[in-house]
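Work through the exercises below with the sequence and the model side by side. Try each task before reading its solution.

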Amino acid sequence: MKKSEFRNYLLFLFGINSGLRISDILSLKVKDVQDVDYIEIKEQKTQKYKKFPVNYTFKKLLDNFTKNKYSEEWLFKSKKGNFPITRIQLIEIYWLDLRLKVEDDNACWLAKFKFLQKHLLKYQQ
């Protein structure tokens, strides 16, 4: 799996495992998820604190993803500079990914589409 594919896969897993809004996921830094059993975050929209456990499998993926990154680096960093990817970039990433995989695995496509509907498309109104 290419580095960008792994990042996209991890973004998707982060969304379905955490229940966080996209804006909260994209605002995470490496230090927020590196070598932790729980992830704590202050939600941007509600200003409430949320703490949720990281299961063993997801923790191994996060550790692998953050292995050679600085603690102050954005977790999902843009290729164009030192800032996180935007919600619009995320939409483009997933629509491209969906178009490429729709014929291979309809169940995977449906899961990703539901994720997009819930977390991304509500902001387009």
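**Exercise 1. Give the order of helices and strands along the protein chain, and how many there are of each.**

Solution. The model is predicted. Read from the N terminus: the elements run α-α-α-β-β-α-α-α. That gives 6 helices and 2 strands. Next, look at burial: buried residues make up 38% of the 125 residues in the chain. Then turn to contacts with a separation of 6 or more: 56% of them join residues 24 or more positions apart.

**Exercise 2. Describe how helices α1 and α4 pack.**

Solution.
- Step 1. Locate the helices. α1 covers residues 3-18 and α4 covers residues 56-66.
- Step 2. Take the geometry. The angle is about 140°, and the axes are 11 Å apart.
- Step 3. Classify the angle. Over 145 degrees would count as roughly antiparallel, and 65 to 115 as roughly perpendicular. The angle of about 140° fits neither range, so α1 and α4 are oblique to each other.
- Step 4. Assign the hand. The crossing of α1 and α4 is left-handed.
- Step 5. List the contact. α1 supplies F6, R7, Y9, L10, L13, F14 and N17, while α4 supplies F58, L61, L62, N64 and F65.
- Step 6. Sort these residues by type. The contact of α1 with α4 holds 9 nonpolar, 2 polar and 1 charged.

**Exercise 3. Which residue forms a salt bridge with E43, and which parts of the chain does the pair tie together?**

Solution.
- Step 1. Start with the principle. Side chains of opposite charge can pair when their charged atoms come close.
- Step 2. Find the partner. E43 forms a salt bridge with R21. Their closest N and O atoms are 3.9 Å apart. The cut-off for a salt bridge is within 4 Å, so the pair qualifies.
- Step 3. Place both ends. E43 sits in the loop between β1 (38-42) and β2 (49-53). R21 sits in the loop between α1 and α2 (22-26). The pair therefore ties together parts 22 residues apart in sequence.
- Step 4. Check burial. The relative accessible area of E43 is 11%. Buried means under 20%, so E43 is buried.

**Exercise 4. How many salt bridges does the whole structure have, and where do those of K31 with E72 and K59 with D37 lie?**

Solution.
- Step 1. Count. A search of the whole structure finds 5 salt bridges.
- Step 2. Take K31 and E72. Their side chains meet at 2.9 Å, N to O. K31 lies in helix α3 (residues 30-33) and E72 in the loop between α4 and α5 (87-101), so this bridge ties together parts 41 residues apart in sequence. K31 is partly exposed at 42% relative accessibility. E72 is also partly exposed, at 44%.
- Step 3. Take K59 and D37. The closest N and O atoms of this salt bridge are 2.8 Å apart. K59 is in helix α4 and D37 is in the loop between α3 and β1, 22 residues apart. K59 is partly exposed at 23% relative accessibility. D37 is partly exposed at 48%.
- Step 4. Look for shared partners. Salt bridges that share partners join K29, K31 and E72 into one network.

**Exercise 5. Where do D35 and Q47 lie, and what is the sign of phi in each?**

Solution.
- Step 1. Take D35. This residue lies in the loop between α3 and β1. Its phi is near 55°, a positive value in a residue other than glycine. D35 is exposed, with a relative accessible area of 61%.
- Step 2. Take Q47. This residue lies in the loop between β1 and β2. Its phi is about 65°, again positive, although Q47 is not a glycine. Q47 is partly exposed at 45%.

**Exercise 6. Which residues does S23 touch, not counting residues up to four places away in sequence?**

Solution.
- Step 1. Place S23. It is in helix α2. Its relative accessible area is 21%, so S23 counts as partly exposed.
- Step 2. Name the contacts. Beyond four places in sequence, S23 touches Q44 and R87.
- Step 3. Compare sequence and space. S23 and K45 are 22 residues apart in sequence and 8.7 Å apart in space, C-alpha to C-alpha.

Notes:
Residues are numbered from 1 along each chain as its sequence is written. This is a predicted model: local features need pLDDT of at least 70, side-chain atom pairs count only at pLDDT 80 or more; totals for chains, interfaces and linings use all residues. Side-chain values use heavy atoms; hydrogens and water are left out. Axes are lines fitted to C-alpha atoms, for helices over the stretch in contact, and angles run from 0 to 180 degrees between N-to-C directions. Helices (H or I, at least four residues) and strands (E, at least two) are DSSP runs, numbered from the N terminus. Angles under 35 degrees count as roughly parallel, over 145 as roughly antiparallel, 65 to 115 as roughly perpendicular and the rest as oblique. A crossing is left-handed if the near helix is turned anticlockwise from the far one by less than a right angle, and right-handed if clockwise. Contact means heavy atoms within 4.5 Å. Ala, Val, Leu, Ile, Met, Phe, Trp, Tyr, Cys and Pro count as nonpolar, Asp, Glu, Lys and Arg as charged, and the others, Gly among them, as polar. Buried means under 20% relative accessible area, exposed over 50%, partly exposed in between (1.4 Å probe, protein chains only).
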